[in-house]
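Student: I've got a structure open and want to learn how to read it. Can we go through it together?

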Amino acid sequence: MTTSVPFACRAALIAALALFLGGCAHSGPRNPLASWVPSKNFDERRPVVIVLHYTEQDSVEQSLDTLRTRNSGGRVSAHYLVGRDGKVYQLVKDSQRAWHAGAGRWGGITDVNNASIGIEIDNDGKTAYPDAQIESLIVLLRDLSERLRIPPAQVIGHSDLAPSRKIDPGPLFPWKRLHDAGFGIWPAEGAGDPPAGFDPWLALQAVGYSVEDRGSTVRAFHHRFRGMEGTELDAEDLRILHALTRVAPAQDAGAPSP
Ligand SMILES: [Zn+2]
């Protein structure tokens, strides 16, 4: 049995609904101090850096639980989780702010969560990263850098932005392989020895590192560029830093640019 509603009553209902929906469409995130005069000219905020982590856990299932619920260690999340078999999970929208970086800085970026995409990689910190996992990560990085226009060089590790607190993704992470695929930075070959007076601490800052805790920063640098432990700079570190920060020589004026 259907209940018949008089036409006038239905029209009034429809009008009330339209008024309600119209009210919703115009109710913006208003600051009571200001008059809301919305503009159509805007888009979502864009991340400018990608941060890689390892989960330091034993399985994707365990990490999905940690990254999706409140637990004893507090609330953490990431935009993506890459399994050892290469399967990729998305937990937070690209346009939203995941809680993965915590306190730290990279270059001029001080609120890294606000400016980044966070990718957790299922790894316990003690075993090598399987090929299938790194291949999937590279496909994901290509998608993110193209779709979100994040510069491919702007892929860093958690330990790069928080060297005194974090060591992930650790000395086993294959940064050279990532660079061969077009992501992150790597020292150019044939840069030679640094000039006299070369300041490695200025160079580390030019790369993006904080040097407030120098020993921890050198450890992060060693993990990233040499796959080894150590908190003291040596001659090879200076050569790498020189190669990373050297200004490319001017092109021959007679040669056409590519
Ligand atoms: Zn991390």
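Tutor: Sure. First a term we'll need: contact means heavy atoms within 4.5 Å, and buried means under 20% relative accessible area. Also keep in mind that this is a predicted model.

Student: Okay, which elements do the buried residues of α8 pack against?

Tutor: Start with who is buried there: the list includes Val218, Phe221 and Phe225. The buried residues of α8 pack against one strand, β5 (155–157). The helices they pack against are α5 (158–161), α6 (175–180), α7 and α9.

Student: How far does α8 reach from its first C-alpha to its last?

Tutor: α8 has 13 residues, and at 1.5 Å a residue you'd expect 18 Å. The model comes close to that, with a reach of 17 Å.

Student: And which residue takes a positive phi just after α8?

Tutor: Look just past the end of the helix, which covers 214–226. The phi there is about 60 degrees, and the residue is Gly227.

Student: On to α9. What does a side-chain oxygen of Asp234 reach at the start of that helix?

Tutor: Helix α9 covers residues 235–245, so to speak of its start, look at Asp234. A side-chain oxygen of Asp234 comes to within 3.1 Å of its partner, the backbone nitrogen of Glu236.

Student: What is the strand order in the open sheet?

Tutor: The sheet has 5 strands with mixed pairing. Its edge strands, each pairing on one side only, are β3 (88–90) and β5. Put together, the order reads β3-β2-β4-β1-β5.

Student: Which residue in β4 is the bridge partner of Leu81?

Tutor: Strand β2 (residues 80–82) pairs with β4 (residues 116–121) in the parallel sense, over 3 bridges. For Leu81, the bridge partner in β4 is Glu120.

Student: What angle does the direction of α4 make with that of β4?

Tutor: Helix α4 (residues 131–147) packs on the sheet, touching β1 (49–54), β2, β3, β4 and β5. Its direction and that of β4 make an angle of about 170 degrees.

Student: Last one: how many residues apart in sequence are the parts that His53 and Asp168 tie together?

Tutor: The protein donors of the zinc ion are His53 (ND1), His158 (ND1) and Asp168 (OD), lying 2.1 Å from it. Both His53 and Asp168 are buried. His53 lies in strand β1 and Asp168 in the loop between α5 and α6, so the pair ties together parts whose separation in sequence is 115 residues.

Definitions and conventions. Residues numbered from 1 in each chain as written. Predicted model: local features only at pLDDT ≥ 70, side-chain atom pairs only at ≥ 80, totals over all residues. Heavy atoms only, no water. Buried < 20%, exposed > 50% of the residue type's maximum accessible area, 1.4 Å probe, protein only. Helix = DSSP H or I, 4+ residues; strand = E, 2+ residues; numbered from the N terminus. Polar contact = N/O pair within 3.5 Å; in protein donor to acceptor, adjacent residues only side chain to side chain. Expected span 1.5 Å × (residues − 1). Pairing = 2+ DSSP bridges. Axes fitted to C-alpha atoms, helices over the stretch in contact; angles between N-to-C directions. Donors = N, O, S within 2.8 Å, 3.2 Å for Na, K, Ca; no water.
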